[in-house]
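Work through the exercises below with the structure open beside you. Try each task before you read its solution.

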Amino acid sequence: MKYEASTLAIMIFLFIVALVLFISFYYSRKGKNSDDYYKAGGNIHWGVNGVAFAGDYLSAASFLGICGMISIAGYDGFLYSIGYLAGWIVALFVVAEPMKKLGKYTFTDALDSKFNSKGIQFFAALSTLIVSMFYLIPQMVGAGSLVEPLLGIPYWGGVLIVGTIVIIIVATAGMASTTYVQFLKGGLLIVFSVIITIMILNNGISTDPDNNFQNYHDFVELPITEINGDVITLEDSSYTIGTSFKTETYWFVKIMIDSKETIWEVDQENNVLKETLFITNKANGDTYYNGAPREDAQFYLVGHMSEVNGSETGDTGSVGVFEFIEQIKEGTVVLWSTKVVHDGDDIITIYYQHEVPGSEVLAPGLKFKVDTDKGATIFDQLDFISLMLALFLGTAGLPHILIRYYTVASPAAARKSTIVAIFAIGFFYLLTMFMGLGAMVNGAIDLSNSNMSAPLLARGFGIWIFAMISAIAFATVLGTVSGLIVASSGAVAHDVMDRFMGIKMTDKQKVMAGKISAIVVGVIAMALGILFKGMNVSYLVGWAFSVAASANLPAIIMVLFWKKTTAKGVVASISVGLISSMTIILLSQSVYTGVYHLVDVTAPMPINNPAIISVPLSFLAIIIVSLLTKKKPTELQT
Amino acid sequence: MSHGPITEWKEDGSSEYKTKLGVIMFLLYVIVYIGFILLNTLDPKLMGIDVLKVNLAIVYGIGLIVYALILAIIYNFLCTKKENEMAVINKAKEEIK
């Protein structure tokens, strides 16, 4: 799919960048000391902080990733929305007020508040950096990939722009400018998601999703006269059938039409050839989309229903909130499956249609295999439970979220801002279902990049809203990345340099150390963003949640609720959580296939998501080691 | 080395109540969340049955989000009420002194 950069998108993008820079320089004149730098003076209003929480949390993974996943996997994508929101329950009921009471600048402070332990200072800072880096890389890669099609800037340019702007945001006024950038982004994201949802409902559902300025490609079928073994005869004899890709489960054929290569699926049941979409990776490194270079825009957008309102030419007109879901449930949705075939030295990825009853799209099972009747094993089920556990426990262990508790004045304000966050984030996640399903039935899916579903849906509704959503998607990256860089710079300058290494610094020097750390982390993030170009790195956010749930949360909970917790216990919990979760991840099938590219190799770990094993291990570590290292209350712990 | 919080606020005596309430609210949510995960895992077909013109999966999923919002409001209401009560008591104590 090729995207035209629009002038309006560039103008809105520049406006938002100018606004962000204005905020940064405005607050840089106000803040001078380390309180201002690390926690915006600790006097942010809880309402502002709550929306900033949403701006911090709703990363590109939430906005682009979840909408994209719902658009291709239906209800299973929505499970992420449910799990991501559930995590805030832990944050509100268990963590919010105590974190505010115990800490100063970073979550390490809170863990260490009763101990003053070098071990905790080091390991909690290390965990902060690891979790933040896992989170940062996909944001930077997302920024590069977003800016390329939307603004016509090359990938590396996108990464450099994001990196530079974020360094300016953080290095000028630290948490103050970061807070207001996140507030701005969180607010814009929610308002425009509401606008898109209203447009989706107003537009209704039709079997022919013709949008304002993007004609939906009419996928055709060619009638077959006869199939004799491997030989197919078509009604239209002017077509010559070429290479066949045939196994017991699938059959595709190549046909030259007007000297253009096409691939069709042989539907033997209905005696027709069905049009497919395909990407050819040539041995020389060139990539062709539907047999043509990307610039020719031959790789069509997909996403439609084949039956609406009981008719193959149905149109609902505008619908209500529940009617929209009901219409999908009662109709038939055309989804796309993938098959990779070898054609000589070329590798061809074929996307072919299959009709699925709407009721199945809106129930679990399209992405996560949990149904034993459909061949799911006990490990598939445990893997799913493990993912939902990581989403639930991960949020309250994310360092860039936890530092936001120090920007407000009191524990009560911390609680209230969490409640505002839950409302903003919960409301947004409800909208993701309409945006994702809207993309699914309105021809807004680019099969080569499902992350573009939400912006492409917006484009169908008009250029101005597309421009706005593109700029917001970019601001989304800015807001989250700046939060991550503040958290990382706090871990380096405050936890490690100031506390762990005990470097004597004046307050001014502490601020300078924070700013220099932010610049260094920002530059590393840019380098990693460029290095990881083209890699599907969305799984890294999942890793961040798993590691945060395993390494950080057990320690936080036990420090808050178990008086016998010792410093060595906390260190053991963080290190066991880090090591066990990372070991399981790195030895899992998804990493073997997706990262190491090992074909037909079975990974030693039967599950991909580690939380179900690593979280209990981390709890066990803190309990056993604390009991073994129990000291008299008067003794100092090291 | 001192590393306590810089922003000063007075401990008003409501912490213990709020912690207990938080744990109760947390458990109230966890039970429903575990039910959701187990239903999805052990009986995914049941999630497909019709409920309120849509299906159980959608109603339960949206329900979990709305349930979180409702619990959050109740929690804040009760915490604020307790804080206000404690403020009155603390003020009275100071006046007696």
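Some ground rules come first, then six exercises with solutions.

This is a predicted model, in which local features need pLDDT of at least 70, side-chain atom pairs count only at pLDDT 80 or more, and totals for chains, interfaces and linings use all residues. Residues are numbered from 1 along each chain as its sequence is written, while chains are lettered from A and ligands numbered from 1 in the order in which they are written.

**Exercise 1. Domains**

Find the domains of chain A and describe where they touch.

Step 1. Take the bounds, which come from an automatic or database domain assignment. Domain 1 of chain A covers 7–14 + 33–204 + 388–440 + 449–536, and domain 2 covers 221–378.

Step 2. Place them. Their centres, taken over C-alpha atoms, are separated by 37 Å.

Step 3. Count contacts (two residues are in contact if their C-beta atoms, placed from the backbone, lie within 7 Å). Domain 1 of chain A puts 14 residues against 19 residues of domain 2 of chain A.

Step 4. Name the elements on the domain 1 side. Helices (H or I, at least four residues) and strands (E, at least two) are DSSP runs, numbered from the N terminus. At least two residues each come from α4 (60–73), α5 (75–102), α8 and α13 (411–441) of chain A. The largest share, 4 residues, is from α13(A).

Step 5. Sort by class. Ala, Val, Leu, Ile, Met, Phe, Trp, Tyr, Cys and Pro count as nonpolar, Asp, Glu, Lys and Arg as charged, and the others, Gly among them, as polar. The side of domain 1 of chain A that touches domain 2 of chain A has 8 nonpolar, 5 polar and 1 charged residues.

**Exercise 2. Helices α8(A) and α16(A)**

At roughly what angle do the axes of α8 and α16 of chain A cross?

Step 1. Use the axes. They are lines fitted to C-alpha atoms, for helices over the stretch in contact, and angles run from 0 to 180 degrees between N-to-C directions. The axes of α8 (residues 155–203) and α16 (residues 507–531) of chain A come within 9 Å and cross at roughly 170°.

Step 2. Classify the angle. Under 35 degrees counts as roughly parallel, over 145 as roughly antiparallel, 65 to 115 as roughly perpendicular and the rest as oblique. So α8(A) is roughly antiparallel to α16(A).

Step 3. List partners. The contact includes A:Trp156 and A:Val159 of α8(A), and A:Gly514 and A:Lys515 of α16(A). Its residues divide into 12 nonpolar, 5 polar and 1 charged.

**Exercise 3. Helices α1(A) and α8(A)**

How far apart are the axes of α1 and α8 of chain A?

Step 1. Read the geometry. Helix α1 (residues 7–28) of chain A packs with α8(A) at an angle of about 105°, and their axes are 8 Å apart. That makes α1(A) roughly perpendicular to α8(A).

Step 2. Check the residues. Among them are A:Val17 and A:Leu19 in α1(A), and A:Ile165 and A:Ile168 in α8(A). The classes are 15 nonpolar, 4 polar and no charged residues.

**Exercise 4. A six-stranded sheet**

In what order do the 6 strands of the open sheet stand?

Step 1. Apply the pairing rule: two strands pair if DSSP finds at least two bridges between them. The order is β2-β1-β6-β5-β4-β3 (chain A), with antiparallel pairing.

Step 2. Find the edges. β2 and β3 (240–246) of chain A each pair on one side only.

Step 3. Zoom in on one pair. Strands β1 (residues 221–228) and β2 (residues 231–234) of chain A are joined by 4 bridges. A:Ile227 faces A:Ile232 in β2(A), and A:Glu226 has A:Thr233 as its bridge partner.

Step 4. Look at the turn. β1(A) and β2(A) form a hairpin with 2 residues between them, and A:Gly229 in the turn has a positive phi of about 65°.

**Exercise 5. A five-stranded sheet**

Which strands stand at the edges of the sheet?

Step 1. Write the order. It is β8-β7-β11-β10-β9 (chain A), with antiparallel pairing.

Step 2. Read off the ends. β8 (287–289) and β9 (304–307) of chain A each have a single partner strand, so one side of each is left without a neighbour in the sheet.

Step 3. Inspect a pair. β10 (residues 332–343) and β11 (residues 346–357) of chain A pair over 12 bridges. A:Asp343 stands opposite A:Asp346 in β11(A).

**Exercise 6. The two chains**

Which element gives the most to the side of chain B that touches chain A?

Step 1. Count. 35 residues of chain B are in contact with 45 residues of chain A.

Step 2. Rank. α2(B) gives the most, with 13 residues.

Step 3. Sort by class. This side of chain B has 22 nonpolar, 10 polar and 3 charged residues.
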